[in-house]
Structures are given as structure tokens and as C-alpha cells.
Amino acid sequence: MTGKHEAVWDWLLTCLEIHHLYFNFPRASDGDAVLIPESAYNDEWQDGMPYIDGSGMKNYDFAIALFKDFSTVPNSTENVEALIDAERIAGWIDAQGEAHNYPAFPENCTIMDLYTLPLSAGAIAAQNDTGVKYQFQFRIEYFYEKE
């Protein structure tokens with residue numbers, strides 16, 4: 001049986017906007033993307049859950065970070081293009097959610113929705129002399145049926 005992490009990994013590998021995908025620990029070179037699960041063992045129960053039988057709605061949250069070089073040259077569009085590259089990945093994930101094209105979660109987990117979480121501080125998560133990290137967070141809402 002494939003677990004949730006593997007299912008999201010395999011699903012993201014079909015995104016043509018991602019050229020080099022890592023899990024948790026990237027190289028942090030221009031164009032590298034990383035899948036970062038926000039819950040490594042227990043996904044968060046939604047309010048009022050679980051039901052008495054142990055089943056209920058849960059959230060699997062994950063982030064995608066994209067590393068890009070940046071420019072300090074005036075009037076350059078390089079930084080705009082880098083952000084657009086990150087937004088293309090987020091847009092692909094949103095489009096998959098809207099089309100109900102979800103990762104193949106384990107049999108006892110039925111995905112109900114997938115969407116982008118609001119960004120409180122913008123998409124730039126980190127910056128240093130060598131580049132910038134853009135990061136978006138996503139949520140998969142699913143019904144967990146206790147085995």
C-alpha cells in the first residue's frame with residue numbers, strides 16, 4: 001500500500017512545471033523544488049472529529065518550495081519571471097484540485113478537496129546571497145475510515 005507522502009510525491013512528479021523534485025531536503029539550486037509535508041505522522045482532525053467509530057475528516061497539509069536565482073539589476077524582469085515560475089506550480093496544483101485529479105491516497109482515505117492555503121506573508125519564504133525560496137502551502141481534506 002502506498003502512503004500519503006508517496007502518493008503526493010508520485011502525483012507531483014506529473015507536474016511539468018517541476019524539473020527537479022526533492023522530499024524535505026533539497027539542493028537549493030535554481031529551479032529545484034521540494035515537497036515538505038506539514039504533518040509527518042498524524043494528520044490534523046477537522047473540528048468535531050473523529051466520530052465515535054474513529055473515522056472522520058482530516059487535513060493533510062504540505063508545502064512546495066521552489067528555489068530560484070534572483071537579480072539585483074535595475075529594470076530586470078528576472079525576479080518577476082522567477083515568481084511566475086513558482087506561481088505556475090501553485091496554479092497546477094489548484095487546477096488539479098478543481099478537476100478532482102487527486103493523489104492516490106490509501107484505500108481507507110477518500111480525498112474530498114485540495115486547495116491552496118492563504119499566504120499571510122507572501123510567497124517569499126527565505127532569501128540569501130545565492131538565491132530566494134518561494135513557498136506555497138496546500139491542504140488535502142480527506143475522509144479517514146478507521147481500518
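How many bridges join strand 3 to strand 4? Two bridges join strand 3 (residues 44-45) to strand 4, and the two strands run antiparallel. Strands are said to pair if DSSP finds at least two bridges between them.

## Basis of the report

This is a predicted model, in which local features need pLDDT of at least 70 and side-chain atom pairs count only at pLDDT 80 or more, while totals for chains, interfaces and linings use all residues. Residues are numbered from 1 along each chain as its sequence is written, and side-chain values use heavy atoms, with hydrogens and water left out.

## Overall architecture

The protein chain contains two helices and seven strands. Here helices (H or I, at least four residues) and strands (E, at least two) are DSSP runs, numbered from the N terminus. Along the sequence, these elements follow the pattern α-β-β-β-β-α-β-β-β.

Taken along the principal axes, the C-alpha atoms of the protein chain fill a box of roughly 60 × 30 × 30 Å. Of the 147 residues in the protein chain, 41% are buried. A residue is buried under 20% relative accessible area, exposed over 50%, and partly exposed in between (1.4 Å probe, protein chains only).

## Strand 4 and its partners

Strand 4 comprises residues 56-68, and 13 of its 13 residues are buried. In its pairing with strand 3, E44 stands opposite N59 of strand 4. Five bridges join strand 4 to strand 2 (residues 32-37), again in an antiparallel arrangement, and L35 has I64 in strand 4 as its bridge partner.

Strand 4 is also joined to strand 7 (residues 131-144), by 13 bridges, and these two strands run antiparallel. In this pairing, F67 stands opposite K133 in strand 7.

## A buried residue in strand 7

V132 lies in strand 7. Why does V132 count as buried? The reason is that its relative accessibility is 6%. The C-alpha atoms of V132 and A82 are separated by 9.2 Å, although these residues are 50 residues apart along the chain.

## A negative surface patch

D53, E107, E145 and E147 form a negative surface patch. Patches are made of residues with over 30% relative accessible area and no salt bridge; like charges are joined within 9 Å, and nonpolar side chains (Val, Leu, Ile, Met, Phe, Trp, Tyr) within 5 Å. A salt bridge is a side-chain nitrogen of Lys or Arg within 4 Å of a carboxyl oxygen of Asp or Glu.

Within this patch, E107 is found in the loop between helix 2 (78-98) and strand 5 (109-116). E107 counts as exposed because its relative accessibility is 81%.

Notes: Accessible areas come from the Shrake-Rupley method with a 1.4 Å probe; for residues, only the protein chains shown count as cover. Lys and Arg count as positive and Asp and Glu as negative; His and the chain ends are not counted. The place of a charge is taken as NZ of Lys, CZ of Arg, CG of Asp or CD of Glu.
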